[in-house]
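Colleague: Could you take a close look at one part of this model for me? I'd like to hear how a pair of packed helices sits together.

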Amino acid sequence: MRLHQTWAGTLSLLTCLSSQTFATEDTEPLENANHIFNAIQSTLRHYGSEINYNGLSFYRASVPKGTQFYHGTGLKDPIQGLEWLAFKPEHSLGFAHRSGNKFFAKKDLQQPLDEYTAPEWDGNGYLHTYAAAKDLRLLYIDGMSAGPGGGAESQDRILYNNTITGDRPVGGPKIGGPPQEQQRAIEACRMAKEDWGDKIDGIVRTEADFEIILCNFERDLEVVHITQTKPQESSGRPGGPGGGKGRKGHHGGGPGGPPRGPRSGLKYWSLATRFDESLGKKVRIDLDNFVSAYTYGLDLFPNNATVPKVGHLPVEELQPIRQDVFKLLNTWDSPIDAFDWQTVIDMIVFQYSDELKSLAAGTYSSAKELRDHLEKLLEPFIDYRDFDNSEVIINRCASEWIPLSAPVGSLGGNAVRSVARSVCSTLVSAMMDDEQDLEASVTSFNDLVSYLRWTTWAADE
Ligand SMILES: *[C@@H]1O[C@H](CO)[C@@H](O)[C@H](O)[C@H]1NC(C)=O
Ligand SMILES: *[C@@H]1O[C@H](CO)[C@@H](O)[C@H](O)[C@H]1NC(C)=O
């Protein structure tokens, strides 16, 4: 009887695999749970953000008071107002070196020319080290949100409602960056003040480094120290990590230089990746309640696109997302006390990534051999007095990495529980069903792998 139910459950599961949603038996199916799961795992990490470079989610984030950040410039005095902060000094050194190089400073459109013709520019470069003067409250936009290519699509279409034209802003504060970046920064800080009740101090995004657009340097930072950087040659490209194209391009190098994802051949769990993940932890993100374009019933993969897109959708369709981002920020009344779903996701992925790949590759030569292997894998979740109770086995398996104290019913929690259940129910079904032949089981693992699209497998594709 129980076996029969399991088999019926498996059938309905397999039918659902081809669509974007994945049905589970006792929770509402969460649209795009697989993509939301992967997005959470990649928050403030270059590895996954470069694979799914179009981030589609907006999160509340905070930085503890005292955390250090960097800014490279041609100015020796503390910055007033709006500017960029880098997470590591190598990145800012590049901008300081450019400023201390008259050839580049004059030509460089990364920085407005006026800054260097202003009387206070003394022809040198300076590295400013700052510390947060209070707990900073920020909006984090995921994916390569300050990177090249389509990474800025979600903010331009959703947050900025298509108003980023690429024209250099006239009047207003003088800040660094190419024209469209200046527009984004100025508009974000205007919204922070006028639309978000002055609750937000800036925006966190990912480029070659991680960065913060901070709206009010003198209010929110204390100066740790300001150093004059090494004078640069008057021609040629300034050296050093963070030099060259700065926030426009990808560049690795230097101690702790950003890993570049699997395409550059870096191992997933390399030292550079671990450095990068720890660097991202300067910011704490609310991974429970956030706004994601994945949950609005939109066609995000037009013509079977391999990465999600919003560029083809009329802005009117994106308005509900924009409104929910505004609401998320406007209702931010207490400090973030977010549960660390990223670590839970890591454990699920580390545990099953190689296993699922191997199962999908058809490693086992008979249905019996496969079932014996799965039984060994699932033994921690089986009570042999009640072997046939597949539902209980699935539940134990799916909750292994989820503490009992974890929040229930949040977006992040729902995505994690849904994906964990997809993994465990596929494994348990293949173990329990004596009638299922080897080919059907291998197909179910392949369907699962296609659905999950874990970033750990991206290098195999
Ligand atoms: C967003 O842009 C559309 C199209 O230009 C416009 O009709 C709409 O009023 C804008 N929405 C907001 C909230 O500014
Ligand atoms: C998308 O992929 C599905 C399944 O492979 C295929 O049937 C469909 O024709 C594709 N659609 C487009 C527009 O390419």
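Modeller: Before the residue lists, one term: contact here means heavy atoms within 4.5 Å. Also keep in mind that the model is predicted.

Let's take helix α14, residues 390–398, and helix α15, residues 411–432. Two packed helices are described by the angle between their axes and the distance between the axes. For α14 and α15 the angle is about 140 degrees, and the axes are 9 Å apart. Angles over 145 degrees would count as roughly antiparallel, so α14 and α15 are oblique to each other. Their crossing is right-handed.

Now the side-by-side view of who touches whom. On the α14 side you'll find S390, E391, I393, I394, N395, C397 and A398. Facing them from α15 are A420, R421, C424, S425, V428, M431 and M432.

For a comparison pair, try α12 (residues 341–360) and α16 (residues 438–452). Their axes come within 8 Å and cross at roughly 135 degrees, so α12 and α16 are oblique to each other too. The handedness flips, though: α12 and α16 make a left-handed crossing, whereas the one between α14 and α15 is right-handed. From α12, the residues in contact are L356, K357, L359 and A360. They meet V442, F445, N446, L448, V449 and L452 in α16.

Note on methods: Residues are numbered from 1 along each chain as its sequence is written. Chains are lettered from A and ligands numbered from 1 in the order in which they are written. This is a predicted model: local features need pLDDT of at least 70, side-chain atom pairs count only at pLDDT 80 or more; totals for chains, interfaces and linings use all residues. Side-chain values use heavy atoms; hydrogens and water are left out. Axes are lines fitted to C-alpha atoms, for helices over the stretch in contact, and angles run from 0 to 180 degrees between N-to-C directions. Helices (H or I, at least four residues) and strands (E, at least two) are DSSP runs, numbered from the N terminus. Angles under 35 degrees count as roughly parallel, over 145 as roughly antiparallel, 65 to 115 as roughly perpendicular and the rest as oblique. A crossing is left-handed if the near helix is turned anticlockwise from the far one by less than a right angle, and right-handed if clockwise.
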